Amino acid sequence: MTAPDYISPIVGYRVWCSDAAGLKSLNGIPWRPGKALIAECSTQGNHETPQSNCTCGVYASKSLDHLRRLGLTENRICGEVWLWGTVVEHEEGWRAEFAYPKRLMVPLSMVSFNISKVEPWLASLSAYSCDISIDAETGSVPLWRTDCGIDATGIELLLRRCKEWYVQRAEQRKIKRGDRMAVKGHGIAIVEDIDSDCVQAVLGNRSVLRIGCNEVVWCDQYTRWETAAGVSIGLTAFRTQGNERLLEHKQNAN
Ligand SMILES: [Zn+2]
């Protein structure tokens with residue numbers, strides 16, 4: 001049984017994953033820029049695809065909303081897709097012999113904050129020569145147009161977001177009272193005071209430490225401050241019930 005041949009392409013909706021090589025179906029099949037994806041039958045094989053009584057063909061939905069209801073759109077590239085050749089119609093979508101992306105819509109959350117990574121990523125998607133837009137909270141923003149290339153509105157959005165991220169990150173990396181600091185050989189201390197040269201922190205045993213600001217580094221892995229290896233720690237006081245007993249010696253941390 002052969003399905004009808006559609007001369008004019010149909011426009012359906014799909015979702016894709018992407019990596020450095022470009023778009024991929026959710027089952028990992030790569031979509032090559034400039035080349036139609038040709039359906040193959042992996043269930044019955046050896047017949048022209050798609051067949052009405054089989055499940056083969058390149059799948060596309062009749063609406064984006066249908067894909068949302070199926071829970072397929074979260075953190076994925078959504079878009080329109082051309083379908084042509086033999087096409088089998090179903091209630092909610094189609095199975096086609098040939099397919100090619102028509103328009104790509106990328107959730108903003110999927111775009112890197114690092115603008116140097118955006119460039120190769122955009123190059124891999126623009127190779128498909130279809131319009132690309134960013135789905136932001138404020139709506140859809142064009143990023144790439146087939147007729148004129150990069151759209152300034154989209155690039156400005158990504159640059160602004162990148163800048164905000166770096167400012168926020170720099171603010172988080174400023175040592176503050178109450179921050180945790182791992183002190184080599186002593187355990188975790190809580191930052192109590194900071195001046196232009198030194199950080200004062202208190203260990204769990206109430207020992208008060210003074211450490212040079214340039215000897216304290218941020219650790220991304222454990223999201224806390226750490227003292228550099230081999231740093232000399234000055235134990236300046238021992239705090240007991242609000243009183244400080246001064247220590248006269250300095251202790252070297254391991
Ligand atoms: Zn088949």
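A nonpolar core is a set of buried Ala, Val, Leu, Ile, Met, Phe, Trp, Tyr and Cys residues joined through C-beta atoms within 7 Å. In this predicted model, the largest such core holds 33 residues, and the members that touch the most others are A60, L83, A96 and A99. Two or more residues each are given to this core by β1 (5-19), β4, β5 (77-89), β6 (93-107), β7 (131-136) and β8 (139-145). Strand β6 supplies the largest share, eight residues.

The surroundings of A96 were examined next. Leaving aside its neighbours within four places in sequence, A96 is in contact with A39, P50, G57, V58, A60, L83, W84, G85 and V87. One of these contacts, V58, stands opposite A96 in β6. Strands β4 and β6 run antiparallel and are joined by four bridges. Strand β4 is covered on both faces. V58 and A60 are buried on one side, and Y59 and S61 are buried on the other.

P50, another of the residues in contact with A96, lies in the loop between β3 (37-38) and β4 (58-61). The peptide bond that joins T49 to P50 is cis, with omega about -10°.

Beyond β4, S63 has its place in the loop between β4 and α1 (64-69). S63 is classed as exposed because 12 other C-beta atoms lie within 10 Å of its own, and the class takes in residues with 12 or fewer. The C-alpha atoms of S63 and E92 are separated by 7.7 Å, although the two residues are 29 residues apart along the chain.

A second core lies apart from the 33-residue core. This other core has twelve residues, among them A189, V208, L209 and V216. One of these members, L209, is in β13, where A201 stands opposite it. Strands β12 and β13 run antiparallel, with five bridges between them.

The hairpin of β12 and β13 has three residues between the strands. R206 lies in this loop, between β12 (198-203) and β13 (207-212). Phi of R206 is positive, near 75°, in a residue other than glycine. R206 is partly exposed, since 13 other C-beta atoms lie within 10 Å, a count that falls between the limits of 12 for exposed and 20 for buried residues.

A positive phi is also found at T223, again a residue other than glycine, with a value near 45°. T223 is in the loop between β14 (216-219) and β15 (224-227). With 9 other C-beta atoms within 10 Å, T223 is exposed.

Helix α3 was considered for its length and its burial. The helix covers residues 152-172, and its 21 residues should span 30 Å at 1.5 Å a residue. The C-alpha atoms at its ends are 30 Å apart, which agrees with the expected span. Of the 21 residues of α3, two are buried, so the helix lies largely in the open.

How values were computed: Residues are numbered from 1 along each chain as its sequence is written. This is a predicted model: local features need pLDDT of at least 70, side-chain atom pairs count only at pLDDT 80 or more; totals for chains, interfaces and linings use all residues. Two residues are in contact if their C-beta atoms, placed from the backbone, lie within 7 Å. Two strands pair if DSSP finds at least two bridges between them. The expected span of a helix is 1.5 Å times one less than its number of residues.
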